[in-house]
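Please open the model in your viewer, with side chains available for display, and follow the stops below in order. Each stop proposes a selection and then describes what is found there.

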Amino acid sequence: MSQLPDDTLRKILLQIQQTAVQSQRALSVTRAQASARERERRILQLTIDEIRAIEGNVNMYKGVGKMFLAVPRQTMEKDLEGEEKGLTDELNGLNKKSKYLEKQFNDAQSQLRDIFHSSRDK
């Protein structure tokens, strides 16, 4: 590091710092999205449990735009389970993205620490 001119070192520091800031922002957005998807998934699970508690072959009403459509219970359950599976898959993807962004942020921080510690040791 001591062979690098100050201008080049400043550019490297700026790039690492920008990476850390971008990772932190993206991480907070991803965590918020994951939290929202988890809330939606829990609501869907509760709805599915309530529908299963109803006995018999009962018609249910599903909101479609500004109207309601009569749907058999089995169809409603199948639709809600499909939605839940989609949300679970999306949540798994967001968790993977979150782990990647955490790693990227931690790497950028450790690079900054290494640079500052090496300059302090001079």
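Begin by selecting Glu38, Arg41, Arg42 and Glu84, which are linked in a network of salt bridges. Keep in mind throughout that this is a predicted model. Side chains of opposite charge can pair when their charged atoms come close.

**Stop 1: Glu84 and its surroundings**

Keep Glu84 selected and hide the other members of the network for a moment; Glu84 has its place in helix H2. Is Glu84 buried or exposed? Its relative accessibility is 13%, and because the cut-off for a buried residue is under 20%, Glu84 counts as buried. If you now display its contacts, leaving out residues up to four places away in sequence, you will find that Glu84 touches Arg41, Leu44, Gln45 and Ile48. Arg41 therefore appears twice at this stop, as a residue that Glu84 touches and as a member of the salt-bridge network.

**Stop 2: the whole chain**

Zoom out and colour by secondary structure, which comes to two helices and two strands, running α-β-β-α from the N terminus on. Along its principal axes the C-alpha trace spans about 80 × 25 × 15 Å, and the radius of gyration of the chain is 25 Å, where a compact globule of 122 residues would have one near 14 Å. Buried residues make up 22% of the 122 residues, while the chain exposes about 9100 Å², of which carbon and sulfur atoms supply 53%. Among the contacts between residues at least 6 apart in sequence, 66% join residues at least 24 apart.

**Stop 3: a link between the helices**

Next select Glu77 and Arg52, which form a salt bridge whose closest N and O atoms are 3.3 Å apart. This pair links distant parts of the chain, with Glu77 in helix H2 and Arg52 in helix H1, 25 residues apart. The two partners can also be compared by their accessibility: Glu77 counts as buried at 14% relative accessibility, whereas Arg52 is partly exposed, with a relative accessible area of 42%.

**Stop 4: a pair within helix H1**

How many salt bridges does the structure hold? There are 13 of them, and another one to display is that of Glu40 with Arg37, where the closest N and O atoms are 3.9 Å apart. Both residues lie in helix H1, which covers residues 6-53, and they are three residues apart, about one turn of the helix. Glu40 counts as partly exposed at 37% relative accessibility, and Arg37 is likewise partly exposed, with a relative accessible area of 22%.

**Stop 5: along helix H2**

Move to helix H2, residues 73-120, and select Asn92, which has its place there. Asn92 is partly exposed, with a relative accessible area of 40%. Add Ala34 to the selection and draw a C-alpha to C-alpha distance: the two residues are 58 residues apart in sequence and 8.7 Å apart in space.

Stay in helix H2 and select Asp107 with Lys103, a salt bridge in which the closest N and O atoms are 3.1 Å apart. Being four residues apart in the helix, Asp107 and Lys103 are separated by about one helical turn. Asp107 is partly exposed, with a relative accessible area of 34%, whereas Lys103 is exposed, with a relative accessible area of 53%.

**Stop 6: the hairpin**

Now select strand S1, residues 59-64, together with S2; the two pair in the antiparallel sense over six bridges. Which residue of S2 stands opposite Met60? If you label the strands, you will see Val71 in that position. S1 and S2 form a hairpin with two residues between them, and in the turn Gly65 has a positive phi of about 65°. While you turn the view, recall that in a regular strand the side chains alternate between the two faces of the sheet.

**Stop 7: a nonpolar patch**

For the last selection, show the surface of Val64, Met67 and Leu69, which make a nonpolar surface patch of about 260 Å². One of these residues, Met67, lies in strand S2, which covers residues 67-72.

Terms used:
Residues numbered from 1 in each chain as written. Predicted model: local features only at pLDDT ≥ 70, side-chain atom pairs only at ≥ 80, totals over all residues. Heavy atoms only, no water. Patch = residues over 30% accessible without salt bridge, like charges linked within 9 Å, V, L, I, M, F, W, Y side chains within 5 Å. Areas by Shrake-Rupley, 256 points an atom, 1.4 Å probe, with all protein chains shown as cover. Salt bridge = Lys/Arg side-chain N within 4 Å of Asp/Glu carboxyl O. Buried < 20%, exposed > 50% of the residue type's maximum accessible area, 1.4 Å probe, protein only. Contact = heavy atoms within 4.5 Å. Pairing = 2+ DSSP bridges. Rg over C-alpha atoms; globule rule 2.2 N^0.38 Å.
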